Amino acid sequence: MVPTSHYLFLSAALFTIGVIGVLTRRNLIVVLMSIELIFNAVNINLIAFARQLASVDGHVFAIFVITDAAAEAAVGLGILIAFFRNRETINADEIDLLKW
Amino acid sequence: MTQVLEALRPYLLPAARVVIAFLGLSLIAAAMIWIERKVLAHLQVRLGPMRVGPHGLLQPIADVVKLLLKEDIVPAGADRFIFLYAPVISVVAAFTPFALVPFASNDIAPDVNVGILLLIGISSLGIFGIILGGWASNSHYPLLGALRSTAQLVSYEVALGFAIVSVLLLSNTLSLRGIVEKQAELGIWFVFLQPVAFFILFVASLAETNRNPFDLPEAESELVAGFHTEYSGFRFSLFFMAEYTAMALASCVATMLFLGGWQRPFASIRALDFLDFGLPLLIFGLATVWFVKEIFHAVSPTHRAVLVVFAGLAAGLTGSLFVPGVMEAIGGVFWFLLKVFAFLFVFIWFRGTFPRYRFDQLMRLGWHFMIPVAIANVIFCALGLILAQRPGWNLEGGVWAGNAATLLVAILLAGRRRYERVV
Amino acid sequence: MTFYQASFYFFAAVAVASALLVVTRRNPVHSAISLIVTLLSVAGLYLQLQAEFLAAVQIILYIGGVMVLFLFVILLVRLEVTVRQEPFNRQLWIAGFAALVLLAELGVAFYLARGGFSLPAAPPTALQPNTELIGRTLYQNYLLPFEIASLLLLVAMMGAVIMAKQR
């Protein structure tokens, strides 16, 4: 039986890697993918506690998180496509104007 | 040494099943090469391969040897690692779900609680083989073919999922063994309770496996050859094998969900019990008689030798039916495989019959017809099940009332006049 | 070391390794493939946590849906040829250091509180039948969030279609 704290350490590690990806990558696609990593870290956390407390509330919450992640990925990629069509770049360092 | 064997003992039987399933699937894929060419030929009133073995029976061997000996080309500028391993993804995604498929009631396949979900999920991972193969070829036609194929697969996956949900409403369980046993318990196959869902599942499986009439992404007159344009030799044969195995998987899913899996048709009528023994005997016996007859018409000594071998195999199969205990052991598998091969024949039949859908027609069919009808089917099936609880209604009555409503919706949707934009 | 524990370490190692690959690869297609491997190993972890329904949902939705969307956008808009540039921005070292501080904080917090997580473990069959329990909970206790989630998906779908349309 693997203790729950092991799963929490793994979740923290994935979360941190996702945060590094969001903060340091220039390519907006990779930033969006790192956000997906963060969602997965949260899900592992929820399911590990659901198993320990023997309740499926954690599973239901995780389903909502997955739903949210899918919606957010779709909208984020839509914005990215619209932006790329206008500005021909997805380099986060070059997208620094609020209005042009 | 004996300790190692004792430790391995629980894994021996599953390992044997894995090996048998893998070899059997490869044999089916190889046999499909011959079956497809022969059936297509006879549909088009010609003979098909006749030279390689008697009646072209050794054609699969010739095809496989040819593909293995071809030059292995990797296009310039292609991402080498992904180009080499994209077909592997397709093959793995096609073969892995067979670990979950129960071929008979005494099959040792694990009875996973969410069997059908995992099966659909793993088989849908084949999309990545197509996308990555098309992208890694560093060429326009494969990329376009891959993107079109992916759009088609993703669209028809939704309809496939809804068709499966209608079956799940009736069976109350996601496990594959449970679905088949529920059909045995109800005494009626789900194809008679949910024919619309069966139709949608079959059409969606045609689209999922890139078969005619949905084979635009790999048609030779369209995009050269779609996503596998740049592939030759062994890697092409991997894509090929993945496609045939995906067809077999779709047939297995349709068999388990709608046709009662390993059960004999009319399993509850005792008078037809002779079919349990009679039909395999008939099929293998006729095969033996035909092979023996052909020996006398053989064109060359090699053909004669091959026919003698095949006649011996068929006679051995027929004889083994008389050995006590064999019939009970393989009875379920026989009926399952019979239904799977019937579906594969229908797949080939459709290929020889229908013209191809244009891509926009294909997408419109998927989104504007299949998905609304599938959703309507789920809603009306659920309403029908509620109706079936009332006094005076039984299960079949309630479900068929729901089916009538769904058919009405389908007819209304199919009858819409679509005015093409003249631009 | 039972098979159960070994599988946890295997899936955890693969998940962390491929997550590191996601944030360090220059080519976004390689990042996407690494993310697929990460999601597959997370699905394996869910199977190990007796959450088989969620494992299947993860494979179908996340890998078969979201990642196909990502790859589609990368390939359709030909993004992989426009970004042969410097992968990391100016804040690499500061952000990396801050993230490591965050990881250390979380690690210390979990380590100090590890006694609190040692509640008696539930029997392995406590969450069975998984699908039925989730279905009941979703439709009886969490019906309102379920309906709101479907509205959210509808709005997201409309927004994505409108934003990606050709003008």
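The interfaces of chain C with chains A and B are described below, followed by selected surface and interior residues of chain B. The model is predicted.

Chain A and chain C together bury about 6700 Å², and 77% of this area falls on carbon and sulfur atoms. The contact involves 70 residues from chain A and 84 residues from chain C. Between chain A and chain C, 14 residue pairs are in polar contact, counting pairs with both residues at pLDDT 80 or more, while the number of salt bridges is zero. On the side of chain A that touches chain C, the elements giving two or more residues are helix H1 (4-24), helix H2 (28-53) and helix H3 (57-87) of chain A. The largest share of that side comes from H3(A), which gives 23 residues.

For chain B and chain C, the buried area is about 1900 Å², with 81% of it on carbon and sulfur atoms. Here 22 residues of chain B are in contact with 23 residues of chain C. Within chain B, the residues that lose the most area to chain C are Phe128(B), Trp135(B) and Leu147(B), which together account for 27% of what that side buries. Zero salt bridges are found across the interface of chain B and chain C, and two residue pairs are in polar contact, again with both residues at pLDDT 80 or more. At least two residues each of the side of chain B that touches chain C are supplied by helix H4 (115-123), helix H5 (126-136) and helix H6 (140-171) of chain B. Of the elements of chain B, H6(B) gives the most to that side, with seven residues.

Chain B also carries a nonpolar patch on the surface, formed by Met1(B), Val4(B), Leu5(B), Leu8(B), Tyr11(B) and Leu12(B). The accessible area of these residues together is about 670 Å². One of them, Leu8(B), lies in helix H1 (residues 2-43) of chain B. Leu8(B) has a relative accessible area of 45% and is therefore classed as partly exposed.

In the interior, Thr255(B) is part of helix H10 (residues 234-258) of chain B. Thr255(B) counts as buried because its relative accessibility is 0%, against a cut-off of under 20% for buried residues. When neighbours within four places in sequence are left aside, Thr255(B) is in contact with Gly260(B), Gly261(B), Phe336(B), Lys339(B), Val340(B) and Phe343(B).

Note on methods: Residues are numbered from 1 along each chain as its sequence is written. Chains are lettered from A and ligands numbered from 1 in the order in which they are written. This is a predicted model: local features need pLDDT of at least 70, side-chain atom pairs count only at pLDDT 80 or more; totals for chains, interfaces and linings use all residues. Side-chain values use heavy atoms; hydrogens and water are left out. Patches are made of residues with over 30% relative accessible area and no salt bridge: like charges are joined within 9 Å, nonpolar side chains (Val, Leu, Ile, Met, Phe, Trp, Tyr) within 5 Å. Accessible areas come from the Shrake-Rupley method with a 1.4 Å probe; for residues, only the protein chains shown count as cover. A salt bridge is a side-chain nitrogen of Lys or Arg within 4 Å of a carboxyl oxygen of Asp or Glu. Helices (H or I, at least four residues) and strands (E, at least two) are DSSP runs, numbered from the N terminus. Buried means under 20% relative accessible area, exposed over 50%, partly exposed in between (1.4 Å probe, protein chains only). Contact means heavy atoms within 4.5 Å. Buried area is the accessible area (1.4 Å probe) that two parts lose on being put together, summed over both. A polar contact is a pair of N or O atoms within 3.5 Å; within protein, one must be able to donate a hydrogen and the other to accept it, and residues adjacent in sequence count only if both atoms are side-chain atoms.
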